[in-house]
Amino acid sequence: MKKLIQYTAIAVLALGNAGCNDSFLDKAPTTTISEVTAFDSYQTVQAYMWPCYEMLYNTTIATSPNDHGYASVYNGDRNAGYLSSRAEGGYNSYAFQAVGPSSSGNGWDFGYIYRINFMLKGLENSAMPTSEKEHWQSVGYFFHSFWYMELINRFGDVPWIDKVLNPDTDEPYGPRTPRDEVADNILTRLKWAEEHIGDFTSQDGKNAINKACVQMALSRFALREGTWRKYHKLGDAEKYLTECVRVSKELIETYPALYTGTDGQPAAGYGEMWTSPDLADVPGVILYREFKTNYLTSMFNFRERNDQAVYQLSQDMADMYLTKNGLPIANANNTQYKGGSRDIYDIFTDRDPRLYHTVTPPYSVIEGGENKPVENPNCKWGYNTKDSKYRKFIDIMGADVTVANPGTAGQMKRLPISNWNAGNLIKKMPNLRGDNGPCNTSSGYYLWKNYNCWELSNNNSSICESDKPIFKVEEAILNYAEAACELGQFDQAAADFSINKLRKRAGVADMTVADIDAGFDPNRDKGNNPHWTGNMDDYEVPPLLWEIRRERIVELMGEGFGFYDVRRWAKAPYFINRQEKGMWWSKNDELYNRNTNGILNEATGLKDETLTEGYIYVQPSPKVQGKGWDDKYYLYCIPTEQLLLNKQLTQNPGWPTVNE
């Protein structure tokens with residue numbers, strides 16, 4: 001198991017998809033526990049548990065890196081309204097109430113649970129040493145809990161199954177267990193695993209489930225459950241938030257260093273977490289998915305260098321990024337922000353460099369131009385010298401002077417960008433082409449989180465091999481900060497212990513807690529928003545909590561956490577119902593004078609052909625269309641086929657029962 005995450009796909013094929021059926025309790029294991037003799041050695045249990053690692057990149061879990069961003073991590077942030085789509089008709093399904101009832105699937109899957117329970121039962125009579133049995137029980141509890149924390153996040157009350165069920169009885173057809181009980185069981189099991197999991201690195205390798213992985217799952221779960229309970233008024237939030245603070249603090253102390261990168265751009269370590277060939281020894285990385293030529297490869301970089309990349313930031317989400325002085329762009333004392341000019345180059349100037357690693361900064365070059373970079377007199381492009389601003393961000397991010405496929409080894413993000421085959425140079429960004437060409441954007445904020453210059457790509461197969469993080473200490477830092485703030489424990493010392501570590505790595509001024517008052521960000525969510533829908537209270541977010549949530553959104557942008565977060569905060573309408581708009585555009589701009597999307601009339605929410613300048617129209621307004629977030633979406637629909645199979649199941653509010 002030295003390369004466990006890398007070879008999981010092979011192991012799943014070898015052992016079968018025992019953990020991956022998509023039915024409910026109608027299919028129990030056909031092998032009885034009395035027939036099992038395979039759990040008497042470390043190696044046989046190890047082999048049996050391999051398929052469970054597929055859970056960590058299961059497509060129903062938005063935070064799990066799968067084949068490419070559009071098949072996994074980007075979708076969670078798209079559903080949350082963090083990411084927009086340039087595709088015609090690419091509406092947010094939740095904003096436009098296009099998410100319908102489910103007859104099957106929908107993440108209602110207990111196959112993993114069956115597999116894990118079978119192993120746990122087998123351990124009871126295993127001849128392995130106690131330390132080994134406790135280790136595998138802990139690994140089993142980790143996976144069992146990791147899947148259950150997804151199940152209760154989707155469905156609330158779910159059947160709690162902690163034993164091998166007898167298919168000849170009614171056991172497989174039980175009722176839903178109350179969320180309180182399931183959550184308490186998850187917490188108990190993860191804490192037991194934290195205390196009992198062993199150090200078997202010599203057998204498993206470093207990239208396998210260990211104590212830190214259990215703690216990361218506990219940190220994530222405790223924050224989710226604590227805040228869900230607070231904002232959905234379920235009670236008992238403090239128990240989970242307190243546990244989140246404890247375990248997150250220990251993780252931060254165990255992993256005190258953050259990765260600073262190798263490629264020299266501002267916030268290089270932040271960006272390179274998603275573009276590095278090897279995360280094995282990267283500081284702060286706890287578990288990662290290893291991609292390797294001829295074994296397991298992906299399409300992450302390839303998809304962001306072709307015409308299939310449709311996701312982008314809207315203007316509202318771009319406005320969430322601070323300037324490097326640590327101030328919001330609307331702060332009255334922020335003299336660093338020059339974006340009042342509405343020039344896209346001023347918008348990007350002196351911003352939090354994490355923005356530059358998330359969306360492509362603006363530039364303009366001349367293909368075949370005379371003013372070539374000094375590093376390569378034969379470069380296929382030259383600088384556009386008509387205005388010095390056109391090269392500003394090329395100088396910051398570094399120039400791609402080879403424009404090859406693959407490019408120079410070790411080079412991550414470089415400007416100008418190009419199509420996967422390097423034959424199509426993107427001469428300017430934003431690339432407001434308005435068609436299906438490569439690296440095209442309608443908002444002006446093209447998503448390139450996984451773009452890099454060193455990976456080979458082609459149009460026939462997925463051969464990208466940059467590793468992708470599954471657990472990293474940055475999440476624990478954010479979990480600690482948020483939970484501490486919710487408990488009223490976030491002071492300057494807590495900020496220095498958490499948020500300011502991320503700020504320093506990014507090159508952004510420290511958070512000074514004493515400065516964050518009611519006027520710190522005039523654009524803060526103050527509640528009673530005009531685009532709000534649903535029956536839940538549109539509460540005001542306190543200034544300090546708003547800044548901590550901002551830091552989370554920025555640090556984790558494009559990593560799939562968004563839909564979990566806006567739902568647990570009970571703030572889905574605030575993010576999802578906002579009309580998606582793009583950068584400010586004028587038809588008199590001599591460089592960016594092509595915009596086939598038109599201009600948004602902010603008063604009507606419609607495209608206005610009479611306007612010659614304004615924010616780019618990206619997608620319709622949900623409210624104008626008579627739509628918007630429906631509170632039933634806070635919990636998923638239980639598939640109707642499961643209601644038919646199991647008469648003891650009940651449906652979640654707002655979704656159809658078998659009789660409807």
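In this predicted model, Arg 179 is located in helix α6, which spans residues 179-196. With a relative accessibility of 7%, Arg 179 falls under the 20% limit and is therefore classed as buried. When residues up to four places away in sequence are set aside, the contacts of Arg 179 comprise Ile 152, Gly 156, Asp 157, Glu 225, Trp 228, Arg 229, Leu 234 and Leu 635.

A second arginine, Arg 86, is found in the loop that runs between β1 and α4 (111-123). Arg 86 also counts as buried, because its relative accessibility is 11% and the limit for that class is under 20%. Although Arg 86 and Ser 442 are 356 residues apart along the chain, their C-alpha atoms are separated by 5.4 Å.

Asp 631 likewise occupies a loop, in this case the one between β11 (613-617) and α22 (640-645). Its relative accessibility of 18% places Asp 631 among the buried residues, and, not counting residues up to four places away in sequence, Asp 631 is in contact with Thr 533, Gly 534, Asn 535 and Met 536. From Gly 261, by contrast, Asp 631 is separated by 370 residues in sequence and by 42 Å in space, taken from C-alpha to C-alpha.

Strand β11, which precedes that loop, is largely enclosed by the rest of the structure, because four of its five residues are buried. Its antiparallel pairing with strand β8 (residues 581-586) is made through four bridges, and in one of the bridge pairs Ser 586 is matched with Glu 613 of β11.

Elsewhere in the chain, an open sheet is formed by three strands in the order β5-β4-β6, with antiparallel pairing. The edges of this sheet are occupied by β5 (381-383) and β6 (428-429), each of which has a single partner strand, so that one side of each is left without a neighbour in the sheet. Strand β4, made up of residues 363-367, is joined to β6 in the antiparallel sense by two bridges, in which Ser 364 has Lys 428 as its bridge partner and Tyr 363 stands opposite Met 429. The pairing of β4 with β5 is also antiparallel and rests on three bridges, with Glu 367 of the one strand partnered by Trp 381 in β5.

The largest nonpolar core contains 193 residues, among which Met 49, Leu 56, Phe 142, Phe 143, Tyr 148, Ile 209 and Phe 490 touch the most other members. Helix α5 (residues 130-155) supplies the largest share of this core, namely 12 residues. Nonpolar side chains tend to be buried together in soluble globular proteins. For Phe 490, the contacts beyond its neighbours within four places in sequence are Ala 481, Ala 484, Cys 485, Ala 495, Ser 498, Ile 499, Met 511, Val 513, Leu 544 and Ile 548.

Empty space within the model was examined both as enclosed cavities and as open pockets. Across the whole structure, eight cavities of 30 Å³ or more are found, and the largest cavity has a volume of about 90 Å³. Its lining consists of 13 residues, and those closest to the centre of the cavity are Gly 81, Ser 314, Phe 575, Arg 578 and Glu 580. At least two lining residues of the largest cavity are contributed by each of β1 (83-85), α12 (315-318) and α21 (572-576). When the lining of the largest cavity is divided by class, five residues are nonpolar, five are polar and three are charged.

The largest pocket holds about 640 Å³ of space and is lined by 25 residues, with Asp 316, His 531, Arg 578, Gln 579 and Lys 581 lying nearest its centre. Arg 578 is thus named among the residues nearest the centre of the largest pocket and among those closest to the centre of the largest cavity. The lining of the largest pocket is made up of nine nonpolar, eight polar and eight charged residues.

Key: Residues numbered from 1 in each chain as written. Predicted model: local features only at pLDDT ≥ 70, side-chain atom pairs only at ≥ 80, totals over all residues. Heavy atoms only, no water. 1 Å grid on protein atoms, 1.4 Å probe; cavity = no way out; pocket = protein on both sides within 12 Å on 5 of 7 lines; lining within 4 Å. Points joined across faces, edges and corners; volume = space filled by probe spheres on them. Nonpolar A, V, L, I, M, F, W, Y, C, P; charged D, E, K, R; others polar. Pairing = 2+ DSSP bridges. Buried < 20%, exposed > 50% of the residue type's maximum accessible area, 1.4 Å probe, protein only. Contact = heavy atoms within 4.5 Å. Core = buried A, V, L, I, M, F, W, Y, C linked by side-chain atoms within 4.5 Å.
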